[in-house]
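Trainee: I would like a close look at one part of this model, the strand pairings. Please take me through it, then place it beside the cores and a single residue.

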Amino acid sequence: MNKQPGLLPSCLSLLVVALVAVAVGSAQVSVVTQRNDLGRTGQNLNETTLTTSNVNVNQFGLLFKVSVDNQVYAQPLVVPNVSIGGGVHNVVYVATTSNSVYALDADTGTQYWRMNLGTPISNANYGTGCVDINGNAGIVGTPVIDTTAGTLYVVNSLNNGGAYSFMLHALSITTGAEKTGSPVQITNTGLTALTQNQRGGLTLANGNVLIPFSSHCDMGTYHGFLFAYNPSTLAKVAVFNASPTGNGDSLWMSGLGPSVDSSGNIYFATGNGTWDGVSNFSESVIKLSPSLALADWFTAGNHASLDSGDLDLNTSGPLLIPPGGRLFLIGKSATGYVLNSANLGHVGDASAVQTITLGGALHGSAAYWNSGVNGPEVYTWAQNDNLRAFKFNGSSLTTPSFQTGPDFISGEPGAYLSISANGNSNGIVWANAVLSGNANHSSVPGALRAFDANNVATELWNNQQDASRDTCNNFAKNGYPTIANGKVYLGSFGTANTGSGQLCAYGLLPTNCTIPTAPTGVSATAVSNSQVNLSWTASTASCAVSYNIYRSTTSGFTPSTTNQIATAVFATTFSDTNAAPATTYFYIVEGVDAAGASSPSNQATATTGSAITSIAINAGGPAVSPFLADVDFNGGATITHANTIDLTGVTNPAPMAVYQTGRDANFTYTIPGFAAGSSQTVRLHFAETFWSAAGSRLFNVSINGTQVLTNFDIFAAAGAKNKAVIEQFTEPANSNGQYVIQFTSVKDNSLVSGIEITSGASCTVPSAPSALSATATSSSQINLSWTASTSSCAVTYNVFRSTTSGFTPSSSNQIASGVSTTSFSNTGLTASTTYFYLVEATNSAGTSGPSNQASATTQAGTSSIQINAGGPAVSPFVADEDFAGGATISHANTIDLSGVTNPAPMAVYQTGRDANFTYTIPGFTAGSSHTVRLHFAETYWSSAGSRLFNVSINGTQVLTNFDIFATAGAKNKAVIEQFAEPANSSGQYVIQFTTVKDNSLVSGIEIQ
């Protein structure tokens, strides 16, 4: 967090800004800006290792795979020879939608640092109606790196306790620390965090950091902004608004950053919105001066119809074709233009140099390479189209395309292209392509593919040829392959629809490896009736090792391809989520590298829990007893509304609240836990809450591969809008004890509100739970357990509590609903208090009578506690506990304890919890008064005013704009703040830390 200002050139070279030759032994390449250069050509012309001869399935493949905390939209960036990790290493930088930036060894995947930039804005904050980005939407735009200053610039969205913003950070590429003055909030009139998104790549040009902004899904009022910030001071220098008196005109470009020519002129395209040809420019290509003044523009002749049809011109951004006189882009309508960068021509297609139509929308950017065989070529791979190569004659593209690739991609967005070559030879077109499905609103499988750039009909390699070795799993939208120093780096969306991500690194497979030793210490633990978790001690070898996992129901089995359940596992843990209930499994692990596979590990075994016979899921919504909150889905989006639903036409309807939420688009539920082959009734709950006529929404539904609904029309089946309809089917569970229910849109979007799987008999009201018992486990917690109710349908439980014996259960004393197990932990209780409990069972047929009453008295309240915030136990301080949010820090700084009375041990001050977080510390007598002592030490900043934060205790703010350095008087000097405060009515101390500048920080908490 200490920035050293660096100098930026006033005009950055078009083609070499991102390809920095570093002379250490041999020239190495940096990729420090999206698509390699400011023309966004996507070409690395200094690739001497990878050739059209050695990129094949026998010589080229996955070297390592690193899991990160969420989806990777941003292109990985590479800097060689960084002083990091106690040496000099090549580093690849990866950013995720959970606001994390990773510095990984570019040759091994070893993590050097990870910096999390706070809680991101998520889809839940935006509200319903858009799943352009699933889950978190933290860092989406590709960062940019200034290697001279050693700084990575990145923008993230931030949810600071309901205050939403965008923040610009300047991070050290060596440590990940914030540099001086970082971060700053990006602000401007008309910029609203919940309607905007920072999608496009950041750019260093003209001595500024350029930051483009688009909308989030055309929701609400937004504008297309381009900001310029000073990279040294992070002060806002200039801003251009493409719709200052209108709305829309976002700088989307499928994540592409603006292009910049050799004179510093800036080019970008806009989407749908307002157009007047004066100050508002929808469906246009804009040229700005280096100071962000409007210099020229082009608008499509049919801009009004593009606007009304949401057919953005800027699904791609302008490729600045070398030497810089022509721009090329294709829009959502599949039509695009070659433009004269010196005279864009204003309104009308006639002013374009050339109009070109592809098979569908081009996303991102075309790629360029000057082939020694064919001359200058431009490459595209649009959706609903093949890979195409066009010759460029210096003024326009020769049509039709000169060459066509072998495969057609129908799904959005097609493929994102990059080029590697050694000058004008050994050109390879690398494509991050959709493998199947449509990636617009959900995660779908992806494929990395390589083609001969001199003849794109020749595919050299793809990562599905040996998928067990090379797959990178789900396709990353906006994701360009990065090629540098003999390796190809690809971000991905990991293995789930949300919440997972990966970096995959490909290269020439090593030829001098030793066969790995066998993994040891394999253990297996059943964590549910459908999941077994494995762990083991790593193999040793001279090359990177991955692992193959084998499973059988027979002890002493021999591992083979027929019982292999996973490959290319680079961690030493694995979760088998396809286990069947009540089954004993045996597992073996082998280590694998380029030399071969190890001998088998020891055999481990585990037995899964008993099978279930019923479940009820509230699709797209929270728990609504007896329906569980939405689980077991992949893909799709959620809807919610308050429409009153007519339930009269169905038998055993779900609660109305179930029909007031839903999951829509294309999605699949994989519901585990049933006995393999057992027969159940699947009940699907629907209500048409949008359309008012038949034929408006049509979709198909299949269960375990059998199509059970074809062109299903909710409105037509129910006979009205806002009327419930249930379709039910008797089907067997598959061989893994699962029900795989797939919803596929035909017209508009598939939609379901609830899924019930029952034993097949008519639903009966549950019997009352029995044998309820209550046990106090602390001064603030009582654990309940009971014997299950019986019923033919899925059952959940409602829990009631009172301090009066013989009470009647009601909504006023209900403390939990939708409990799916036969146990419950009631926390946050008052010490030395007797509580009485009742439990009721409920399902769609009704609610049982109450259970027997159980009671327990909480233990006496504690009088003191000492917590080592962010660290392990350091007597008398216990290890960090009772926190929510924040991150941990640790260091070895020597702390001056001389200025405080009764300091904590020094080791307490050498760890800490930072960012925004809350401690909820239970176990005290309600209303009892104690002294709260907060231990601090400023171990990073060296001046006052660098870190400011607020602290509240049980809602009372006790510290305002607290500055550790200023209070202590020095860096690495302990300071203690203490307050006499009463415990709240639940016997808790709720201590909240809220950042004002930089991050809140505390090292220890004592309550005496």
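Mentor: Two strands count as paired if DSSP finds at least two bridges between them. Keep in mind that the model is predicted.

Start with S50 and S51. Strand S50 covers residues 698-703 and strand S51 covers residues 706-712. The two run antiparallel, and four bridges join them. They pair because DSSP needs at least two bridges. Phenylalanine 699 stands opposite phenylalanine 712 in S51. The two strands form a hairpin with two residues between them. There, asparagine 704 takes a positive phi near 50 degrees.

Now a second antiparallel pair. Strand S23 (residues 326-330) and strand S24 (residues 335-340) are linked over five bridges. Here leucine 327 faces its partner, standing opposite leucine 339 in S24. This pair belongs to an open sheet of four strands, ordered S22-S23-S24-S26, with antiparallel pairing. Its edge strands are S22 (319-321) and S26 (354-357), and each pairs on one side only. From one strand to the next, the twist averages 25 degrees. As a general point, strands of a sheet pair through backbone hydrogen bonds, either parallel or antiparallel. In a regular strand, side chains alternate between the two faces of the sheet.

Next, the nonpolar cores. The largest one has 56 residues. Phe268, Val285, Leu292, Tyr379, Leu417 and Val429 touch the most other members. Strand S31 (residues 415-422) gives the largest share of this core, five residues. Another core lies apart from it, with 30 residues. Among them are Tyr669, Val708, Leu751 and Ile757.

Go back to phenylalanine 268. Leaving aside neighbours within four places in sequence, phenylalanine 268 is in contact with Leu226, Phe240, Leu251, Met253 and Pro258 among others. The contacts of phenylalanine 268 also include Ser284, Val285, Ile286, Leu288 and Pro318.

Last, the single residue: serine 770. Serine 770 sits in strand S56, residues 770-776. Is serine 770 buried, partly exposed or exposed? Serine 770 counts as partly exposed because its relative accessibility is 32%; the partly exposed class lies between the 20% and 50% limits. Beyond residues up to four places away in sequence, serine 770 touches Trp786, Thr787 and Asn852. How far is serine 770 from aspartate 312? They are 458 residues apart in sequence, and 62 Å apart in space, C-alpha to C-alpha.

How values were computed: Residues are numbered from 1 along each chain as its sequence is written. This is a predicted model: local features need pLDDT of at least 70, side-chain atom pairs count only at pLDDT 80 or more; totals for chains, interfaces and linings use all residues. Side-chain values use heavy atoms; hydrogens and water are left out. Buried means under 20% relative accessible area, exposed over 50%, partly exposed in between (1.4 Å probe, protein chains only). Contact means heavy atoms within 4.5 Å. A nonpolar core is a set of buried Ala, Val, Leu, Ile, Met, Phe, Trp, Tyr and Cys residues joined through side-chain atoms within 4.5 Å. Axes are lines fitted to C-alpha atoms, for helices over the stretch in contact, and angles run from 0 to 180 degrees between N-to-C directions.
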